[in-house]
Protein chains: 2
Amino acid sequence: MTETQPSSGFQQLDREGLVQRVAKLLSKAIISGQLAPGARLSESVVARELGVSRAPVREAARLLESSGLVTSEPNRGFFVRQVSAKALDDLYELRLAIETAVIVRLVQNWTEETDKMLSAQVRELHRVAIEDTDIFTQVEADMQFHRLMCTGSGNPKFLTVFEQIAIETEFSIMLIGQLYDDPTRIAETHEPILEALRAQDTNQAIEAIRYHLSEAQRIVTKQFRLLEEGKTSI
Amino acid sequence: MTETQPSSGFQQLDREGLVQRVAKLLSKAIISGQLAPGARLSESVVARELGVSRAPVREAARLLESSGLVTSEPNRGFFVRQVSAKALDDLYELRLAIETAVIVRLVQNWTEETDKMLSAQVRELHRVAIEDTDIFTQVEADMQFHRLMCTGSGNPKFLTVFEQIAIETEFSIMLIGQLYDDPTRIAETHEPILEALRAQDTNQAIEAIRYHLSEAQRIVTKQFRLLEEGKTSI
DNA sequence: GAATTGTAGATTGTCGACAATTTACTTGAC
DNA sequence: GTCAAGTAAATTGTCGACAATCTACAATTC
């Protein structure tokens with residue numbers, strides 16, 4: 001309707017506003033650990049630093065608040081979220097609930113398309129495990145697999161919730177610093193999930209995701225509790 | 001630490017900022033149907049109407065966006081969310097996933113306190129069903145029961161997600177206008193849930209919530225699809 | 001007449017300034 | 001020395017104004 005042009009593959013150029021750019025920068029800064037948990041997020045400082053006014057910074061901060069990276073107290077401002085081991089456990093419990101439901105639907109809605117995407121992502125997981133040692137890339141690839149599952153489920157609400165979970169998970173993992181002793185091991189625990197899905201075996205897929213998540217949780221929380229012993233709160 | 005006073009039950013007075021008040025007003029306006037779905041949410045109009053500047057209105061709108069009541073398009077502004085029958089189905093599916101997980105934990109964490117709260121809420125449900133015919137009150141009471149379940153689960157993440165679900169559900173129900181043919185019937189389907197929880201019977205509780213939600217969904221979507229036939233989109 | 005281009009009005013995006021509130025420090029009383 | 005009250009600096013909350021962008025309609029071309 002709107003596009004009647006011959007359309008010679010022009011790629012949509014960045015139409016994202018200042019707010020989203022600020023939000024992206026801030027979340028990178030937080031996730032990468034430049035801004036320590038609990039640290040005050042001064043509007044004026046951030047604004048000055050980025051060369052913008054406070055208004056877009058405020059909006060970006062509100063955005064991050066809704067995605068769980070920062071908290072806000074009235075008349076006191078924004079703070080980088082504190083994460084506790086308990087919160088991490090809670091997060092994984094929520095994640096299991098969501099992803100279990102996702103799998104049920106995913107088996108119903110299984111398509112060639114989804115199969116391809118997930119297979120490719122498993123290969124990607126192995127690639128980054130071998131080639132790349134950057135934690136951020138590894139975690140991102142891991143999350144992308146689960147994100148694709150949500151997308152394939154056909155229920156966009158699942159993706160919405162997962163997006164929040166993903167941000168918070170990444171945040172926590174980045175805090176720990178080094179995550180996987182053996183990245184290929186994580187890549188491998190994704191395979192049983194995909195196989196069970198392909199075989200349309202819901203129960204086995206659920207079992208596989210349960211194992212995968214509990215493995216991830218075990219590794220993460222172990223590291224995390226180690227960290228917590230040092231500091232009073234992380 | 002901060003409270004060393006004798007503390008003779010002073011109720012915390014409104015320390016909520018202008019933003020939250022605007023947000024509350026807007027969401028009331030949206031949920032009550034004053035602002036039709038799809039309608040533009042003009043910042044200047046709202047600001048003028050409420051006698052405030054645009055800044056707090058913008059922030060409030062962003063808040064509502066994160067809770068799913070409004071959507072935003074860059075450089076075009078905010079719009080009241082459109083709801084479809086499909087979206088409602090998706091919402092109930094998500095809700096089932098969450099509440100099932102909540103029940104599992106709730107059985108583990110069962111306390112006298114929780115028992116009391118839920119019992120009282122069931123009584124409240126019956127009360128509003130008989131005395132009050134106001135839909136908003138009825139739906140609010142219904143939601144409160146489920147909110148209490150989330151609180152009692154001990155996992156605050158569940159409550160966070162449910163809060164969003166609740167807002168969107170209330171929104172959809174208000175759109176329909178008249179919801180329950182028989183409000184006492186809805187009140188009654190809460191009882192088996194509570195009984196199963198009290199008996200620490202996880203499976204039966206899950207079965208009960210599944211029945212309750214599918215009942216609710218059936219009623220809501222039936223009404224909804226009826227409405228959708230009239231208008232092209234609601 | 002249909003489609004494209006140009007233009008005016010309205011709306012959102014961003015800004016700098018002022019008011020309200022909090023925080024950190026100093027002062028004073030016991 | 002400890003606690004309370006008072007005060008100044010810093011920070012957030014709100015505002016009105018200007019710039020960038022979109023929308024709708026008029027003018028122009030084929």
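# Reading a hairpin and a two-chain interface

User: Where in chain B is there a hairpin, and which residue in its turn has a positive phi?

Analyst: β2(B) and β3(B) form a hairpin with 3 residues between them, and Asn75(B) in the turn has a positive phi of about 65 degrees. Strands here are DSSP runs of E with at least two residues, helices are runs of H or I with at least four residues, and both are numbered from the N terminus. This is a predicted model, in which local features need pLDDT of at least 70 and side-chain atom pairs count only at pLDDT 80 or more, while totals for chains, interfaces and linings use all residues. Residues are numbered from 1 along each chain as its sequence is written, chains are lettered from A and ligands numbered from 1 in the order in which they are written, and side-chain values use heavy atoms, leaving out hydrogens and water.

User: How should I read the pairing of strands, and what is the strand order of the sheet in chain B?

Analyst: Strands of a sheet pair through backbone hydrogen bonds, either parallel or antiparallel. Two strands are taken to pair if DSSP finds at least two bridges between them. In chain B, 3 strands form an open antiparallel sheet in the order β1-β3-β2, and its edge strands, β1 (40-41) and β2 (70-73), each pair on one side only. β2(B) and β3(B) are joined by 4 bridges, with Thr71(B) partnered by Phe79(B). β1(B) is joined to β3(B) (residues 77-80) by 2 bridges, and there Leu41(B) has Phe78(B) as its bridge partner.

User: How many residues does each chain bring to the contact, and how much area is buried between chain B and chain A?

Analyst: The size of an interface is often given as the accessible area lost when the parts come together. With contact meaning heavy atoms within 4.5 Å, 27 residues of chain B and 28 residues of chain A take part. The buried area (accessible area, 1.4 Å probe, that two parts lose on being put together, summed over both) is about 2,300 Å², of which carbon and sulfur atoms give 50%. Glu59(B), Arg62(B) and Lys157(B) supply 26% of the area that chain B buries against chain A, more than any other three residues.

User: How many salt bridges are counted between chain B and chain A?

Analyst: A salt bridge requires a side-chain nitrogen of Lys or Arg within 4 Å of a carboxyl oxygen of Asp or Glu. Between chain B and chain A the count is 10, and one of these links the side chains of Glu59(B) and Arg58(A) at 2.6 Å, N to O. The elements giving two or more residues to this side of chain B are α3 (54-66), α4 (85-108) and α7 (156-176), with the largest share, 10 residues, coming from α4(B).

User: How are the two copies related, and why can one say that they meet through the same surface?

Analyst: Copies are superposed by least squares on the C-alpha atoms of residues with pLDDT of at least 70 in both. A rotation of 180 degrees with 0.0 Å of shift along its axis superposes chain B on chain A (RMSD 0.0 Å), and the two copies are thus related as by a two-fold rotation axis. The copies meet through the same surface because 100% of the interface residues of chain B are also interface residues in chain A.
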